[in-house]
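Here is a small set of exercises to work through with the model open in your viewer. Try each task before reading its solution.

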Amino acid sequence: KKNNLSWCVPCLVSLDTLQELCRKEKLTCKSIGITKRNLNNYEVEYLCDYKVVKDMEYYLVKWKGWPDSTNTWEPLQNLKCPLLLRQFSNDKHKYLSQVKKGKAITPKDNNKTLKPAVAEYIVKKAKQRIALQRWQDELNRKKNHKGMILVENTVDLEGPPSDFYYVNEYKPAPGISLVNEATFGCSCTDCFFDKCCPAEAGVLLAYNKNQQIKIPPGTPIYECNSRCQCGPDCPNRIVQKGTQYSLCIFRTSNGRGWGVKTLVKIKRMSFVMEYVGEVITSEEAERRGQLYDNKGITYLFDLDYESDEFTVDAARYGNVSHFVNHSCDPNLQVFNVFIDNLDTRLPRIALFSTRTINPGEELTFDYQMKGMVFKYRFIAVSFNMKNHSIDHSPAKKRVRTVCKCGAVTCRGYLN
């Protein structure tokens, strides 16, 4: 095809080769950085290196959409990219100021060339920044809710997860059907005062006038469904509206891998997000659980509200909740929700704030969820295997994972 690269196989052809082919055929391809803007022009993608020659500063430039073989040294006076220059300087100083065996290295700005290790770090950081931006753009394209998703890593060189796929709702495994539409809906003129869906199910309306949850944990939420005559502004349609807050997936600095923080204030008892993933049978969950246990990590959530037939596995398929860490003093609480699918074996899982959460605060919930009518078989979401403190002694009946939540009430172990 002359207008795209659908015929290319990235795993068999290098990026440099693809870029050269595109430019030779005068083709644009956004996925590899070739746009109409830079097809015939040069645009700085990032800066790779630095040197001083005859008192003139030069930077090695990686041109956007051009292979590395076309990188060129350009004088500072020719570069009109203040943000990239600032990032280059910050990355250089961060690397030079890193501690090495407890001793800090003092930066020397009068060096006429950078050491190869410094330049290598700067390039890796630039590539990571680009990869995380692309991942952020992908997440925001796929989400179906109001809140934005940001991605941030100022801790290490870790990039996007390689085997994670963003989904907005449950993904049934082969052989499992989630099609179970509601058979009735309300005809209320005001669902807050009239006899509505919760009353038909024998429970109380879950929300107050401020859209905050008012029922105790363990009580199911029945929201209005597609058969109801009420509109989208109905006060009993909170979870189905999706996340309203802008959240940030960020790299934690205490060895817990990725985490999630809010960028705005969240009032107490407010809906924050759903927990979604692949719906599998409990038998399959047992099999996967053994594999996950060997790795020291699992994302299995048992849906045993009334039975234990199904489990949600968010290891490969999930949303932002995939990255939420555990805390023994959490600020999120789990509730099970029924909307169109009223099958009590398959509740939707919603996370509500237990207290006011300030901007920049990490979102957490208790993986053990003591007192709940269903259990969460999480061992260590978002934890790196190398950071686990696991006792593999044959005398132990189970693997115990050290908790790093840092809460005053920390129980010491995740399981």
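Strands here are DSSP runs of E with at least two residues, numbered from the N terminus. By that count, Leu-150 is found in strand β6. Please keep in mind that this is a predicted model.

**Exercise 1. Find the strand order of the sheet that contains β6, and say which strands stand at its edges.**

Step 1. The sheet is open and has three strands, in the order β6-β10-β11, with mixed pairing.

Step 2. β6 (149-152) and β11 (258-262) each have a single partner strand, so they stand at the edges and one side of each lacks a neighbour in the sheet.

Step 3. Ignoring direction, neighbouring strands in this sheet are turned by 25 degrees against each other on average.

Step 4. Strand β10 (residues 247-251) runs antiparallel to β11, and five bridges join the two. Within β11, Gly-259 stands opposite Phe-250.

Step 5. Now add the helix: α3 (residues 116-142) lies across β6, β10 and β11, at about 165 degrees to β6.

**Exercise 2. Decide whether Leu-150 is buried, partly exposed or exposed, and which surface patch it belongs to.**

Step 1. Buried means under 20% relative accessible area and exposed means over 50%. Leu-150 has 32% relative accessibility, so it counts as partly exposed.

Step 2. Leu-150 forms a nonpolar surface patch with Met-148, Leu-263 and Val-264. Together the four have about 280 Å² of accessible area.

**Exercise 3. Describe the sheet built from β1, β2 and β3, then place its helix.**

Step 1. This open sheet has the order β1-β2-β3 and antiparallel pairing.

Step 2. The edges are β1 (44-53) and β3 (72-75), because each has a single partner strand.

Step 3. Neighbouring strands are turned by 35 degrees against each other on average, direction ignored.

Step 4. Eight bridges pair β1 with strand β2 (residues 56-63). Two examples of facing residues are Leu-47 with Val-61 and Val-44 with Trp-63.

Step 5. β1 and β2 form a hairpin with two residues between them, and Lys-54 in the turn has a positive phi of about 50 degrees.

Step 6. Helix α2 (residues 82-96) packs on this sheet, touching β1 and β2, and makes about 60 degrees with the direction of β1. As for cover, seven of the 10 residues of β1 are buried.

**Exercise 4. The structure holds 17 salt bridges. For three of them, work out which parts of the chain they link.**

Step 1. Asp-313 and Arg-288 meet at 2.8 Å, N to O. Asp-313 is in strand β15 (residues 310-313) and Arg-288 in helix α5 (residues 282-295), 25 residues apart. Both residues are buried.

Step 2. Arg-345 and Glu-309 meet at 2.9 Å, N to O. Arg-345 lies in the loop between β18 (332-338) and β19 (348-353), and Glu-309 in the loop between β14 (299-302) and β15, so the bridge ties together parts 36 residues apart in sequence.

Step 3. Arg-411 and Asp-366 meet at 2.8 Å, N to O. Arg-411 lies in the segment after β21 (376-378) and Asp-366 in the loop between β20 (364-365) and β21, so parts 45 residues apart in sequence are tied together. Arg-411 is partly exposed at 32%, while Asp-366 counts as buried at 11%.

Step 4. Finally, shared partners join Glu-278, Glu-284, Arg-287, Arg-288 and Asp-313 into one salt-bridge network.

Methods. Residues are numbered from 1 along each chain as its sequence is written. This is a predicted model: local features need pLDDT of at least 70, side-chain atom pairs count only at pLDDT 80 or more; totals for chains, interfaces and linings use all residues. Side-chain values use heavy atoms; hydrogens and water are left out. Two strands pair if DSSP finds at least two bridges between them. Helices (H or I, at least four residues) and strands (E, at least two) are DSSP runs, numbered from the N terminus. Axes are lines fitted to C-alpha atoms, for helices over the stretch in contact, and angles run from 0 to 180 degrees between N-to-C directions. Contact means heavy atoms within 4.5 Å. Patches are made of residues with over 30% relative accessible area and no salt bridge: like charges are joined within 9 Å, nonpolar side chains (Val, Leu, Ile, Met, Phe, Trp, Tyr) within 5 Å. Accessible areas come from the Shrake-Rupley method with a 1.4 Å probe; for residues, only the protein chains shown count as cover. A salt bridge is a side-chain nitrogen of Lys or Arg within 4 Å of a carboxyl oxygen of Asp or Glu. Buried means under 20% relative accessible area, exposed over 50%, partly exposed in between (1.4 Å probe, protein chains only).
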